[in-house]
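Subject: Structure handover

Hello,

Below is the structure I said I would pass on. Please look through it first, and then read the notes that follow.

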Amino acid sequence: MSPFENINNFNQPKSNLFKMLLFSVLAFVVLSISIFIPFIGIIGLALITIPSVRMMLEGRIWESILCSVLGSSVLFVFDIKTPFLFLALLISVSFIFRFCFLRNKGPFLTIALSGMVFIGLLIIYIVYITVFENPDFIPGFLSGYKEAVASLPKDPIVQGYMKTMSITSEQMELVLTQAGSYLNKIPYLIPSMVIFYIFLSAFISYYWSMIIFRKNGIVLRGIPLFKTWDMPWYLIFGFIAGLILVLIPNFNSGFDFYFDVVGANILIIFGLSYTVIGFAVLWGIFDNLKIAHLWRILIIIAISFSMVLLIIIPIMGILDIWINFRKLERH
């Protein structure tokens with residue numbers, strides 16, 4: 001018996017199409033506004049999938065597509081191409097939820113597939129712009145960024161900071177010269193941050209969908225307890241590969257920079273992943289010691305503000321592969 005049959009047997013009330021269409025439009029309005037607010041855009045990304053997914057899980061495929069079309073059309077205010085990117089994203093994610101729901105797949109598979117589809121569509125989108133519309137799109141962005149870094153000493157905000165802190169122009173130029181090589185690498189680290197951002201939004205989207213849909217009888221598989229979160233042991237080879245690329249001695253000026261950039265991106269992705277697992281390990285230890293939730297939160301906040309302690313967390317996540325601090329049953 002499929003989940004859809006279960007829903008029908010319990011006389012599952014259907015969602016109001018008008019309300020779902022309105023929700024979809026408002027979600028894209030939130031996304032459009034939140035783009036200009038750092039780190040808030042993740043809320044908009046998590047919201048936009050809910051109406052389309054809800055309709056899809058009710059078996060109303062064409063109405064799900066209608067929600068996707070109407071919602072993404074809000075982005076025509078910005079340009080012609082972006083709405084089609086998000087239209088393809090919403091339809092794809094809706095079918096992924098339907099596939100996983102019908103086959104009773106785990107939540108992390110749904111989240112992983114949704115994130116990978118978004119990344120794939122984003123790559124296609126960037127390649128299309130680069131090849132057919134603006135060949136200088138990426139080089140132009142990088143050169144513009146380098147010019148902005150070079151002109152930092154003349155920036156009004158930096159000038160105001162220099163006056164407040166009694167820093168001379170020579171001192172500031174020396175600092176920026178020393179930091180210039182690191183600042184110029186930041187744009188090359190954007191891929192890893194975008195990937196983490198996308199998967200985090202996919203996780204939030206699934207979590208909100210799980211809570212909202214359950215009230216109306218659509219029961220998605222629950223996310224496991226945080227203290228039991230785990231990663232396959234063989235993913236450690238990804239972390240090791242990133243480490244090797246970063247630590248390879250310089251041998252060719254044409255390749256050294258790219259090895260460093262690729263290695264740094266890989267380390268960021270796996271480092272953040274093992275940081276999450278490290279906090280899960282810590283939460284499991286808190287459970288064993290029966291520490292109150294208030295103290296747990298205070299300890300985690302204290303760790304987050306200490307660079308030394310924060311470095312220990314991903315190390316705990318890596319060591320858990322062999323030590324198994326939480327005594328998880330692994331296959």
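Helices (H or I, at least four residues) and strands (E, at least two) are DSSP runs, numbered from the N terminus. With that in place, glutamate 58 can be put in the loop between H4 and H5. Further terms are explained where they come up.

This is a predicted model, in which local features need pLDDT of at least 70, side-chain atom pairs count only at pLDDT 80 or more, and totals for chains, interfaces and linings use all residues. Residues are numbered from 1 along each chain as its sequence is written, and side-chain values use heavy atoms, with hydrogens and water left out.

Overall

The protein has 15 helices and zero strands. Of its 331 residues, 37% count as buried. Buried means under 20% relative accessible area, exposed means over 50%, and partly exposed lies in between (1.4 Å probe, protein chains only). Contact means heavy atoms within 4.5 Å. Among contacts in the protein with a separation of 6 or more, 70% are between residues 24 or more positions apart.

Helix H4 and its neighbours

Helix H4 covers residues 50–57 and helix H5 covers residues 61–72. Their axes come within 7 Å and cross at roughly 175°. Axes here are lines fitted to C-alpha atoms, for helices over the stretch in contact, and angles run from 0 to 180 degrees between N-to-C directions. The crossing angle makes H4 roughly antiparallel to H5. As for the cut-offs, angles under 35 degrees count as roughly parallel, over 145 as roughly antiparallel, 65 to 115 as roughly perpendicular and the rest as oblique.

On the H4 side the contact is made by Pro51, Ser52, Met55 and Met56, and on the H5 side by Ile61, Glu63, Ser64, Cys67 and Ser68. These residues divide into five nonpolar, three polar and one charged. In this scheme Ala, Val, Leu, Ile, Met, Phe, Trp, Tyr, Cys and Pro count as nonpolar, Asp, Glu, Lys and Arg as charged, and the others, Gly among them, as polar.

H2 also meets H4: the two axes come within 8 Å and cross at roughly 150°. H2 and H4 are therefore roughly antiparallel to each other. Leu17, Met20, Phe23 and Ser24 come from H2, while Ile50, Pro51, Arg54 and Met55 come from H4. By class, this contact has six nonpolar, one polar and one charged residues.

Glutamate 58, in the loop after H4 and before H5, is buried, with a relative accessible area of 14%. Its side chain makes a polar contact with the side chain of arginine 54, at 2.8 Å. A polar contact is a pair of N or O atoms within 3.5 Å; within protein, one must be able to donate a hydrogen and the other to accept it, and residues adjacent in sequence count only if both atoms are side-chain atoms.

Two buried serines

Serine 94 is found in helix H6 (residues 82–102) and is buried, at 1% relative accessible area. A polar atom of its side chain lies 2.7 Å from the backbone oxygen of leucine 90. Neighbours within four places in sequence aside, serine 94 is in contact with Ser52, Val53, Met56 and Ser64.

Serine 209 is in helix H11 and has a relative accessible area of 0%, so it is buried. Its C-alpha atom is separated by 8.0 Å from that of arginine 54, although the two residues are 155 apart along the chain.

Helix H3 and the core

Helix H3 (residues 41–48) is mostly covered, with seven of its eight residues buried. Those buried residues pack against helix H2 (17–34), H4, H6, helix H7 (107–133) and helix H11 (190–214). One of them is Ile48, which touches Ala27, Phe28, Leu31, Phe86 and Leu90, not counting residues up to four places away in sequence.

A nonpolar core is a set of buried Ala, Val, Leu, Ile, Met, Phe, Trp, Tyr and Cys residues joined through side-chain atoms within 4.5 Å. Of the 51 residues in the largest one, Phe28, Ile48, Leu57, Phe86, Leu220 and Tyr274 touch the most other members. Helix H13 (residues 253–289) gives the most to this core, with 10 residues.

Regards
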